[in-house]
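Trainee: Could you walk me through this assembly, one feature at a time?
Mentor: Gladly; have a look at it first.

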Number of protein chains: 6
Amino acid sequence: MSARLLVVNPNTTASMTAAIGAAARAHAAPGTEIDAVTAPWGTPSIESHAEEALAAAAVLEVVAERADAYDGVAIACFGDPGLEAARELAPVPVVGIAEAAMLLALPLAHRFSIVAALDRARPLMDDVVRRHGLQARCASVRTTGLSVLEIDADPEGAEAAIAAAGRRAVQEDGAEAICLGCAGMGPLDARIGAALGVPVIDGVAAAVKLLEALVGYGRATSRVAAFRAPEAKALTGPLSLPGSTRA
Amino acid sequence: MSARLLVVNPNTTASMTAAIGAAARAHAAPGTEIDAVTAPWGTPSIESHAEEALAAAAVLEVVAERADAYDGVAIACFGDPGLEAARELAPVPVVGIAEAAMLLALPLAHRFSIVAALDRARPLMDDVVRRHGLQARCASVRTTGLSVLEIDADPEGAEAAIAAAGRRAVQEDGAEAICLGCAGMGPLDARIGAALGVPVIDGVAAAVKLLEALVGYGRATSRVAAFRAPEAKALTGPLSLPGSTRA
Amino acid sequence: MSARLLVVNPNTTASMTAAIGAAARAHAAPGTEIDAVTAPWGTPSIESHAEEALAAAAVLEVVAERADAYDGVAIACFGDPGLEAARELAPVPVVGIAEAAMLLALPLAHRFSIVAALDRARPLMDDVVRRHGLQARCASVRTTGLSVLEIDADPEGAEAAIAAAGRRAVQEDGAEAICLGCAGMGPLDARIGAALGVPVIDGVAAAVKLLEALVGYGRATSRVAAFRAPEAKALTGPLSLPGSTRA
Amino acid sequence: MSARLLVVNPNTTASMTAAIGAAARAHAAPGTEIDAVTAPWGTPSIESHAEEALAAAAVLEVVAERADAYDGVAIACFGDPGLEAARELAPVPVVGIAEAAMLLALPLAHRFSIVAALDRARPLMDDVVRRHGLQARCASVRTTGLSVLEIDADPEGAEAAIAAAGRRAVQEDGAEAICLGCAGMGPLDARIGAALGVPVIDGVAAAVKLLEALVGYGRATSRVAAFRAPEAKALTGPLSLPGSTRA
Amino acid sequence: MSARLLVVNPNTTASMTAAIGAAARAHAAPGTEIDAVTAPWGTPSIESHAEEALAAAAVLEVVAERADAYDGVAIACFGDPGLEAARELAPVPVVGIAEAAMLLALPLAHRFSIVAALDRARPLMDDVVRRHGLQARCASVRTTGLSVLEIDADPEGAEAAIAAAGRRAVQEDGAEAICLGCAGMGPLDARIGAALGVPVIDGVAAAVKLLEALVGYGRATSRVAAFRAPEAKALTGPLSLPGSTRA
Amino acid sequence: MSARLLVVNPNTTASMTAAIGAAARAHAAPGTEIDAVTAPWGTPSIESHAEEALAAAAVLEVVAERADAYDGVAIACFGDPGLEAARELAPVPVVGIAEAAMLLALPLAHRFSIVAALDRARPLMDDVVRRHGLQARCASVRTTGLSVLEIDADPEGAEAAIAAAGRRAVQEDGAEAICLGCAGMGPLDARIGAALGVPVIDGVAAAVKLLEALVGYGRATSRVAAFRAPEAKALTGPLSLPGSTRA
């Protein structure tokens, strides 16, 4: 099997794209090629619904232009911005890193917790769990108080805060695995796992493995209802949509 | 009380905006002013996740530019595109018409059903119910097989199909009220209600009444966590975000 | 629009009725008339299932006798005693203040908490949330340790305890809005909201606004199943039921 | 063990009380004495929320006056009217026949269905299942179209309709046991069970057995929170409440 | 009524069988005979999924050989090992002590908690609650840190730890009844109940009473789907299955 | 990456093991080695809880003896017999084919359905969905009326029945992907997928891909609570347990 995977960083911080790409490649199977791309526009980090909405539009632009050349697409922000929409546009499987992290945690643990960045991420994390229908398996959402860019700038400096949040999830909430709730935390997965003694899942790595699994099995998104391609319609404005005609 | 309400039609069809505005005004209390605006760009109807994602971005643009001048904002597409993001940007209450229709159905009925346009809308409707946490009160989603633009072009012609779907919801699914799952169906609410003998709720009317209630009571969106304003960040690209700086 | 609303205080404490009526009028739209009535009999406060059961019967008596002359009815006790039964008897919409407070909190907050009076109210509050199917949106129930009559006698004296319970709900439970779980707490809504920095909802105010919304939209209780009028039957005993005949 | 059980028929139809008493006695263990009493007032059958509310008050009157002399109390109407309130007043265990039927069905079947009388009972049955938190084990509610009094007047004539509804529950809904959703259907339990080939549970019989179990084990209602006795308060009106003082 | 009940201790510790049998007899009705048997093989205590799997096979062996001679069977380990399988093999009702304890707690309390032995039991307890569909009624699982054999060896010495865990469940989690999550704790039920002031349920006692109820009512396991007897098949290996033929 | 995977067929039918092994190898990545083994004893097919219980014990025996030599283990029966127990014993990841099929369906479809063999499998399938906490994503369970051995003997002959059940799931229940609820159906996955136009997932293939993902990422079962290894204890009887001592 050889798989070409597109990993989309929905924010505009190139250093995060580099780190995401490195993490993806570090975990890729032989024969898997990774292209990591930065969102063409948007904000340097995504920590609010509004930033997620912008990021979703940017993700769609990337997916519409480039997905055809790949075997699978990963959306590398823990809110999974634009995930369902991207599924309508791409001929290949699309996964979000929140989704992938949680799905790989399921066979390893009775329940998992998510460790997220800022406190304000908590309800967003609650929503991403509910959107994927996995509430019964989520023990808690814990936060570090650090912003995404603080974590990206100094992952080692963030390690203590992430580990502390994870430890409380394990000791107080009954978590048996930890999903790192931010692509920027990914490079710390092994170290924090060693510190906590439970599986710690980086969504980027998980997305690569999940896409390899789907591509290897030859299964793509169901197109009969929820993820049917949009109809051809007249389109106006700065954004684009495949199949639409410019009005 | 006087309230100025902004009703945003997230699609680009001006005739739908006119109909939405008329419906909103028809149900507005004395002292309530309605401004109905068409999305500045996008697609003429919204029937897929991808179109919803584009619409969310367009809605945000409108809300960011104009919400300051209003006492409340309604998003007039039954998928509630951009709702949570708009709440972060607006200093005033924001409601979606799916949310409003369901909330006003609750005190009138043991359970409600949604009658949506195309069959492909069914999972989107399921998701909007789950996103608002109202599954326990939703009896079913029924569809008509008609597109949004077919309904907008000839509401009377669509009446039979909508009534038939609603009747099955009442007779087979245990629905006691019907939420019309498309802004274009709104003008038919009274006629279908008379035909079915149960309350039939147009989300646009419901949104006006719900906003009047929130404005009248003087309560606005909580800004402590889920709907906190985005941080000021450097922004690039065709879209805008209040508080951000152009990178 | 003009609406005549009947607000029923299910307990027998006239001073609470006066405060409830004042709160209702303070939040009523122009053209809305409020009649607040005290339960004709029962207990001075309602803090147990047994007192709720008695109150439900008293509420029904008031609704049966008087609802015809009104456009909407509010039941002003946070357990919503007699709500479903009153819907069968009244030709106009009927809302409970627990229901109304929660419904108006939904578009303002990711999740709400209820601050109730005595500790023993906690399971009753849990049940009212479950009865309305809103568990997914309720962060917690917190209590003050104060009785309803202590709160009514000295609302200002109760303010610190209510604010403290609400603050814990916000800080520890993830609440973004607070529903005041007792009609007697209502007059404190604005002050506690200012103290906590989140929307604080008085169910009495919420019920007035929700009824204005339903009346303004012209929608009444569905009568096809759950809230169909009782059949005419022979009745005995001290209570009455419209349509029944004295056996 | 000897147990004295009070079975309260919440409606005023003495012939139903006789049938209920006979069913209770037919299933009582040696040493169990059954007193079946008719509600002192109310309606001859209970098929609406309003009739349930009246019945709850009548049940409370009986329980307050008589429970002291018994080891356990059963409320013999499938809506379990007044159940939680009665638990506050009685020093002994109190069960409802809906609750008892469902609890005894659980160890016998993967999921159960309820066969109720009139179609209008469906939402009331849904609510009684949800109130006891047993939705995950309830396959469906089916109805017969017959009224309670029609069933009581001619149980044999009702047998075919009840069996037909139960058969559809088994064949179409996955039910493996049937709870008879009306005290009047009770005498048919064995015959319908033989016809359907699944356990058919009469709530009256189940309540007797469940009370014998609780009494035999010496466990009574927890009084620490939900079912704590009401405080002593001044009471007015036609109803009574133990511990209260006449105002 | 006379009932012969078989109580199977799924572990191999004869002193626990004796204690279980004594508890069962102490709570049996006149006319009920109890035979308590020790698993023919396995481990001296059951505290893991693997030990549960072995115990399930041992339980099946006992049930297949002996259930015909009894009116009901109880499986006396709080994980209910082999419960569903035993129902397929036994012509009489089969209950687990977790199931029985929870079912008898339901009519006594708004919500119950389980006090289990070792911390590692917590997810197993969560699963047994979910398997019976009773999550909505379970307030929490608390643990003592003591092993099953430590409890069996010195119940009085364990009393303080069990009471402390139960007290926290009542005071912090809202429990109104306690289910003792281990057969070895059973003899302490009355003492801990007295200490906590809430009903404390021993699953062994509860299973006896629940079986007496089912036997007394003459209802046995539904055999139409989930618990249909296995087909006759060729069997190999050290275990046996009734109806199968030796390959 | 190279991975050695052990695929355990929990029944005793060697031809099924061969087919399972072939399916596993057909979908294995380069570098993945598959050893498919037949249960050392048990029944030729598993269609009841009792057969599942026996199979779980046989699976444990295989896992205890052989898992050390592998990088991952799959349990190839759609009821996932012995899954949690095997996780306690194996130093490597263990997945069940029901679990794997559902997890790979999730990123491809809004909701999936399971097509199972005999009608009696329906409640077992419901339980496996609930055990993994995935009810919100499961549209329905459909059955074919064919036994496992009938399917194994003549997969092509079974194709029409499986496709018909799947088609009803898609058209009537809203399924967008199908999980084949029996290892014997696996070889038909592509053909039925082509016929239905939705992704059809064979659990064996899915388990191989999921294990490759987990092994490739280097994550194994969490051992802190639910899946902690059993304590060393004295063991008796025909079965074995690693770490235990022969009593």
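**Reading the axis, an interface and the charged pairs**

Mentor: Among the residues of chain A, Pro238(A) comes closest to the rotation axis, its C-alpha lying at 3.2 Å. Before we go on, note that this is a predicted model, in which local features need pLDDT of at least 70 and side-chain atom pairs count only at pLDDT 80 or more, while totals for chains, interfaces and linings use all residues. Residues are numbered from 1 along each chain as its sequence is written, chains are lettered from A and ligands numbered from 1 in the order in which they are written, and side-chain values use heavy atoms, with hydrogens and water left out.

Trainee: By what turn and shift can chain A be laid on chain B?
Mentor: Copies are superposed by least squares on the C-alpha atoms of residues with pLDDT of at least 70 in both. Here a turn of 180 degrees, with a shift of 0.0 Å along the axis, lays chain A on chain B with an RMSD of 0.0 Å. The two copies are thus related as by a two-fold rotation axis. The same surface serves both copies, since 100% of the contact residues of chain A recur in chain B; contact means heavy atoms within 4.5 Å.

Trainee: How far apart are chain A and chain D?
Mentor: Their nearest C-alpha atoms are 14 Å apart, and chain A and chain D do not touch. Chain B and chain E do not touch either, with nearest C-alpha atoms 14 Å apart.

Trainee: What area is buried between chain C and chain E?
Mentor: The size of an interface is often given as the accessible area lost when the parts come together. The definition used is the accessible area (1.4 Å probe) that two parts lose on being put together, summed over both. For chain C and chain E that comes to about 320 Å², with carbon and sulfur atoms giving 47%. Pro123(C), Asp126(C) and Arg130(C) supply 82% of what chain C buries against chain E, more than any other three residues. In contact terms, four residues of chain C meet five residues of chain E.

Trainee: How many salt bridges cross the interface of chain C and chain E?
Mentor: Side chains of opposite charge can pair when their charged atoms come close. The rule asks for a side-chain nitrogen of Lys or Arg within 4 Å of a carboxyl oxygen of Asp or Glu. It finds zero salt bridges between chain C and chain E, against a count of 90 over all chains.

Trainee: Which residue forms a salt bridge with Glu212(A)?
Mentor: Lys209(A) does, with the closest N and O atoms 2.8 Å apart. Both lie in helix α9 (residues 203-217) of chain A, three residues apart, about one turn of the helix; helices are DSSP runs (H or I, at least four residues), strands likewise (E, at least two), numbered from the N terminus.

Trainee: Are Glu212(A) and Lys209(A) buried or exposed?
Mentor: Buried means under 20% relative accessible area, exposed over 50%, and partly exposed in between (1.4 Å probe, protein chains only). Glu212(A) counts as buried at 6%, and Lys209(A) is buried at 2%.

Trainee: Where does Glu84(E) find its partner?
Mentor: Its side chain meets that of Arg131(E) in a salt bridge of 2.9 Å, N to O. This pair links distant parts of the chain, from helix α3 to helix α5 (residues 121-131) of chain E, 47 residues apart.
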